Amino acid sequence: LSMSMGRYAADGRLQRSLEAAVMVLEAVKGFEQKFEIRYSGHSGDSDNVELGVEFGHLPRNDKERLSVIRKMNSHVQMCDSGDTTVQAIRKAVDQMARDGREADA
């Protein structure tokens, strides 16, 4: 999520990011017992933009899934420029290690 995604929407990055989020959220619908996901973003403001999808707490209905997409869209309108990609990756890896989660190969 970045300020430029909203400001320069013609390049399609924001649209593709929102579409990808919809696909992920729709794909896990009905499989809450099988998958655990945490969905967050990063921007110039933060290396951890909370979007309301935490491990063990997937959106339960269309309204909650739409809320995630709206949070993503509104964040790009208000955030500062900058890049916290490396910090976000470190934070995500550390969080998974603390929680005892590991990716399947």
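Visitor: In which loop does serine 43 lie?
Guide: In this predicted model, the stretch to look at follows strand E1, which covers residues 39-41. Serine 43 is placed in the loop between strand E1 and E2.

Visitor: Is serine 43 buried or exposed?
Guide: A residue counts as buried when its relative accessible area is under 20%. Serine 43 has a relative accessible area of 2%, so its class is buried.

Visitor: Which residues does serine 43 touch, leaving aside those up to four places away in sequence?
Guide: The partners of serine 43 include Leu1 and Val49. Counted with the same exclusion of residues up to four places away, the full set is Leu1, Val49, His75, Cys79, Gly82 and Thr84.

Visitor: Where is glycine 82 placed, and which residues does it touch beyond four places in sequence?
Guide: Glycine 82 sits in the loop between H3 and H4, and with a relative accessible area of 48% it is partly exposed. Its C-alpha atom is separated by 13 Å from that of asparagine 48, which is 34 residues apart from it along the chain. Not counting residues up to four places away in sequence, glycine 82 touches Ser43 and Gly44.

Visitor: Which residues of the largest nonpolar core touch the most other members?
Guide: This core holds 17 residues, and the elements that give two or more residues to it are helix H2 (13-28), strand E2 (49-53) and helix H3 (62-78). The largest share, 5 residues, comes from H2. Within the core, the residues that touch the most other members are Leu51, Val53 and Met72.

Visitor: Which residues does methionine 72 touch, residues up to four places away in sequence not being counted?
Guide: Methionine 72 is one of the residues that touch the most other members of the largest nonpolar core. Not counting residues up to four places away in sequence, methionine 72 touches Leu1, Ser17, Leu18, Ala21, Tyr39 and Leu51.

Visitor: How far apart in space are serine 74 and leucine 1, C-alpha to C-alpha?
Guide: Serine 74 is found in helix H3, where its relative accessibility of 40% makes it count as partly exposed. In sequence, serine 74 and leucine 1 are 73 residues apart. In space, C-alpha to C-alpha, they are separated by 9.9 Å.

Visitor: Which residues does aspartate 62 touch, not counting residues up to four places away in sequence?
Guide: Aspartate 62 belongs to helix H3 and, at 53% relative accessibility, counts as exposed. The C-alpha atoms of aspartate 62 and lysine 29 are separated by 9.7 Å, although the two are 33 residues apart along the chain. Under the stated exclusion, aspartate 62 touches Glu26 and Lys29.

Visitor: Which residues does methionine 3 touch, not counting residues up to four places away in sequence?
Guide: Methionine 3 has its place in helix H1, residues 3-7, and counts as partly exposed at 22% relative accessibility. Leaving out residues up to four places away in sequence, methionine 3 touches Val76, Cys79, Asp80 and Ser81.

Visitor: How are the rings of phenylalanine 31 and phenylalanine 35 arranged?
Guide: A search of the whole structure finds 1 aromatic pair. The ring centres of phenylalanine 31 and phenylalanine 35 are 6.3 Å apart and their planes stand at 75°. Planes over 60 degrees apart count as edge-to-face, so this pair is edge-to-face.

Visitor: What span should helix H4 have, at 1.5 Å a residue?
Guide: Helix H4 runs over residues 85-99 and so has 15 residues. The end C-alpha atoms are 21 Å apart, which agrees with the expected span, and that span is 21 Å.

Visitor: Which residue just after H4 takes a positive phi?
Guide: The place to look is the position just after helix H4. There, a positive phi of about 75° is taken by glycine 100.

Visitor: What radius of gyration does the chain have?
Guide: The chain contains 4 helices and 2 strands, following the pattern α-α-β-β-α-α along the sequence. For 105 residues, a compact globule would have a radius of gyration near 13 Å, and the chain agrees with this, its own value being 14 Å.

Notes
Residues numbered from 1 in each chain as written. Predicted model: local features only at pLDDT ≥ 70, side-chain atom pairs only at ≥ 80, totals over all residues. Heavy atoms only, no water. Core = buried A, V, L, I, M, F, W, Y, C linked by side-chain atoms within 4.5 Å. Buried < 20%, exposed > 50% of the residue type's maximum accessible area, 1.4 Å probe, protein only. Contact = heavy atoms within 4.5 Å. Expected span 1.5 Å × (residues − 1). Phe/Tyr/Trp six-rings, centres within 6.5 Å; stacked < 30°, edge-to-face > 60°. Rg over C-alpha atoms; globule rule 2.2 N^0.38 Å.
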